[in-house]
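Student: Could we look at a protein model together and work through some questions about it?
Tutor: Gladly! Here it is.

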Amino acid sequence: MTAAQAAPAAPPAPRVERVSVAADGSEANGGSGAASITASGSHIAFSSSATNLTPDTAPRPQSSAHVRDTGTGQVTRIKSSLSAPVISGDGRYAAYTDWGTHTVKVFLTDLRTGERKQVGGASKDSSHRPALSADGRYLAYELRPQHPADPHRIEVYDRVTDTRETVSGAPQGSTHDMTAPSLSADGRYVAFRDAGSGEIWVRDRAKDTLTRVDDGTATALVQLSGDGRTVAMNSADGARLRDLRTGRTWEIAGAEAEAVSPDGRHVLYKDAGSTLRLRKLNNGRETVVGHGVAGPGAIGAKARTVVYSSPDADVVPGDTNGVNDVFQWTAR
């Protein structure tokens, strides 16, 4: 066989790095998870109960929000947080939940200046499940009114104009709660779930239209793609994705969708054995990423990078802490 007839060389193996470590590489002394990555891959947000990822010694809740700069390796801890953060595309803004004056509230922090703002409703209303636009201008969240008879609704806060807009809708007379907001990169589209019926809706804020996107069965919303075009969902039959422009759908039986790429062309899903697989929708080609758990925002631009958490000690050498860690998988 001549060199010209030889089989092409196999593509380079992906690179996997541990994210939940201190800037000097020290292992975390607590578990980490709930990771998301900016589309550019410049920053990774995650939650960790570790106390040694940053040098500060300020009091911390049971699990704290952290942001890692992938360029410098520097880890920043958001000192007052009850949940994993979501971050803007440039890594400047972070949104998360913390205790407000009376209830749990969503907070928006400028990581460059340290300015922190409480967002969401009257003093005794609570707010949860934040989602940020790419530039950090728009923040969607679930508002839970103080009175139990008032249903939960989805609002969008505009940081620039300091205004709030209710974007959720429901059948006339319905008292169903609206939950799980997901926001497009430009803040124009908001997806959310009717918790009473299991229906999934997408609001176009520019045209003030509301579109139902589920298949008629009780469905869980996973994520709206950054371009606002593809919705990832999970139904009783498995993972389901819908292209809002063409109406085309893809289904992966028995699987659980974890995230959709910013351009809507790839889905990260978990099979029955908790193996994470990255699938290109137009041709069905798949790559095994790892074993563990991922969530919305886990895929970077062009699906070249994925973040996930795993308890496995053999993902990278030297993992001896015996707890869940966050990993970054990068195709080469």
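The questions below go through aromatic rings, a sheet, a core and a loop in this predicted model.

Student: How are the rings of Tyr96 and Phe107 arranged, stacked or edge-to-face?
Tutor: Start with the general idea: a pair of aromatic rings is described by the distance of the centres and the angle of the planes. For Tyr96 and Phe107, the centres are 6.3 Å apart and the planes differ by 15 degrees. Planes under 30 degrees apart count as stacked. So the arrangement of Tyr96 and Phe107 is stacked.

Student: Which strands does that pair of Tyr96 and Phe107 link?
Tutor: The two residues are 11 residues apart, and the pair links distant parts of the chain. Tyr96 belongs to residues 93-99 and Phe107 to residues 104-110. Those stretches are strands S7 and S8.

Student: Is Phe107 buried or exposed?
Tutor: Let's use the cut-off: buried means under 20% relative accessible area. Phe107 has 5% relative accessibility, so Phe107 counts as buried.

Student: Which residue lies over the face of Phe107?
Tutor: Look for a charged end above the ring, within 6 Å of the ring centre. One residue lies at 3.8 Å from the ring centre of Phe107. That residue is Arg116.

Student: Which residue stands opposite Arg116?
Tutor: Arg116 is in strand S9, which is joined to S8 by four bridges and runs antiparallel to S8. S8 and S9 form a hairpin with five residues between them, and Gly114 in the turn has a positive phi of about 85 degrees. Opposite Arg116 stands Thr109.

Student: What is the angle between the planes of Tyr308 and Phe327, the other aromatic pair?
Tutor: Tyr308 in strand S26 and Phe327 in strand S27 are 19 residues apart. Their ring centres lie 5.8 Å from each other, and the pair is tilted. The angle between the planes is 35 degrees.

Student: Why do strands S1 and S26 each have one side without a neighbour in the sheet?
Tutor: Three strands form an open sheet in the order S1-S27-S26, with antiparallel pairing. S1 and S26 stand at the edges, so one side of each is left without a neighbour because each has a single partner strand.

Student: How many bridges join S26 to S27?
Tutor: Here is the background: strands of a sheet pair through backbone hydrogen bonds, either parallel or antiparallel. S26 and S27 run antiparallel, and Ser310 stands opposite Asp325 in S27. The number of bridges joining S26 to S27 is six.

Student: Which residues have the most contacts inside the largest nonpolar core?
Tutor: This core has 26 residues, and the elements that give two or more residues to it include S24, S26 and S27. Leu268 is in contact with residues beyond its sequence neighbours, among them Leu278, Val289 and Val306. The residues with the most contacts inside the core are Leu268, Leu278 and Val289.

Student: Is Arg285 buried or exposed?
Tutor: Arg285 is found in the loop between S24 and strand S25. Leaving aside neighbours within four places in sequence, Arg285 is in contact with Leu278, Arg279 and Lys280. Exposed means over 50% relative accessible area. The value for Arg285 is 63%, so Arg285 is exposed.

Conventions: Residues numbered from 1 in each chain as written. Predicted model: local features only at pLDDT ≥ 70, side-chain atom pairs only at ≥ 80, totals over all residues. Heavy atoms only, no water. Phe/Tyr/Trp six-rings, centres within 6.5 Å; stacked < 30°, edge-to-face > 60°. Buried < 20%, exposed > 50% of the residue type's maximum accessible area, 1.4 Å probe, protein only. Lys NZ or Arg CZ within 6 Å of the ring centre and 35° of its normal. Pairing = 2+ DSSP bridges. Core = buried A, V, L, I, M, F, W, Y, C linked by side-chain atoms within 4.5 Å. Contact = heavy atoms within 4.5 Å.
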